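Biologist: I'd like to learn how to read a model like this one. Could you walk me through it, one feature at a time?

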Amino acid sequence: MSTTRTFRITVRGSFDGLTDDQRAELLAAAPEHDMLRAQFTAEGHLSYDLAARPFFTFRFLDSGEAEEDILDATARAELAAESWLAERGYGFKQLKSQAQDMSLAPLGKRQRREAARSGA
């Protein structure tokens, strides 16, 4: 019996060589990309605060059957982030990814309490 693993992938980088028009476009769209609205989604959620710094973060949610599937999920996330930026003509640099297999993440305090209750 196989179980589905959930992966959270974060792709970070910085905008590079933006034109004045691109910068204005990103600043106009900033409310929908606010850090406070950040979430992990299959399509990838972009967040940034261009008024403060040139950095951005994409958050992706993916899944796989085995622990090693996280490598393919990370590659898909990086490609999706690069594609999104390239389609809009946004320059970027220093792209870095970090992935977490949620099945291996430690349980939080509330999750430990619920697990203890259901096991009792």
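Modeller: Happy to. Keep in mind that this is a predicted model. Let's start with one residue: I70 sits in helix α2, which covers residues 69-87.

Biologist: Is I70 buried or exposed?

Modeller: I70 counts as buried, because its relative accessibility is 16% and the cut-off for buried is under 20%.

Biologist: And which residues does I70 touch, leaving aside neighbours within four places in sequence?

Modeller: With those set aside, I70 is in contact with F7, A99, Q100 and D101. Take A99: 29 residues separate I70 and A99 along the chain, yet their C-alpha atoms are 7.2 Å apart. A99 falls in strand β4, residues 92-101.

Biologist: Now a strand. Where does L61 lie?

Modeller: L61 belongs to strand β3, residues 55-64. L61 is partly exposed, since its relative accessibility comes to 35%. Not counting residues up to four places away in sequence, L61 touches T6, F7, R8, F40, T41 and A42. There is a long-range partner too: the C-alpha atoms of L61 and I9 are separated by 6.4 Å, with their positions 52 residues apart along the chain.

Biologist: How do I put those elements into the whole chain?

Modeller: Count them, then read the order. The protein chain has 3 helices and 4 strands, and along the sequence they run β-α-β-β-α-β-α.

Biologist: What share of the contacts with a separation of 6 or more comes from residues 24 or more positions apart?

Modeller: In the protein chain that share is 67%.

Biologist: What about overall shape?

Modeller: Compare the radius of gyration with a reference. A compact globule of 120 residues would be near 14 Å, while the protein chain has 17 Å. The C-alpha trace spans about 60 × 30 × 20 Å along its principal axes. As for burial, 28% of the 120 residues are buried. The accessible surface is about 8000 Å², and carbon and sulfur atoms hold 49% of that.

Biologist: How far apart are the mean positions of the positive and negative charges?

Modeller: They are 12 Å apart, taken over 16 positive and 19 negative charges.

Biologist: Let's turn to aromatics. What describes a pair of rings?

Modeller: The distance between the centres and the angle between the planes describe a pair of aromatic rings. Here the count is 7 aromatic pairs. One of them joins F56 and F58, an edge-to-face pair with 5.8 Å centre to centre and 80° between the planes. Both F56 and F58 are buried.

Biologist: And how are W84 and Y90 arranged?

Modeller: W84 and Y90 make a tilted pair, 5.9 Å centre to centre with 45° between the planes. Y90 counts as buried because its relative accessible area is 5%. W84 has 22%, so W84 is partly exposed.

Biologist: Which residues form the aromatic cluster?

Modeller: F15, Y48, F56, F58, F60, W84 and Y90 form one cluster.

Biologist: One last thing, the backbone. What is the phi of Q94?

Modeller: Q94 has a positive phi, about 55°, although Q94 is not a glycine. Q94 lies in strand β4. Q94 counts as exposed, because its relative accessibility is 52% and exposed means over 50%.

Notes
Residues are numbered from 1 along each chain as its sequence is written. This is a predicted model: local features need pLDDT of at least 70, side-chain atom pairs count only at pLDDT 80 or more; totals for chains, interfaces and linings use all residues. Side-chain values use heavy atoms; hydrogens and water are left out. Helices (H or I, at least four residues) and strands (E, at least two) are DSSP runs, numbered from the N terminus. The radius of gyration is taken over C-alpha atoms; the globule rule is 2.2 Å times the number of residues to the power 0.38. Buried means under 20% relative accessible area, exposed over 50%, partly exposed in between (1.4 Å probe, protein chains only). Contact means heavy atoms within 4.5 Å. Accessible areas come from the Shrake-Rupley method with a 1.4 Å probe; for residues, only the protein chains shown count as cover. Lys and Arg count as positive and Asp and Glu as negative; His and the chain ends are not counted. The place of a charge is taken as NZ of Lys, CZ of Arg, CG of Asp or CD of Glu. Rings of Phe, Tyr and Trp (its six-membered ring) pair if their centres lie within 6.5 Å; planes under 30 degrees apart count as stacked, over 60 as edge-to-face and the rest as tilted.
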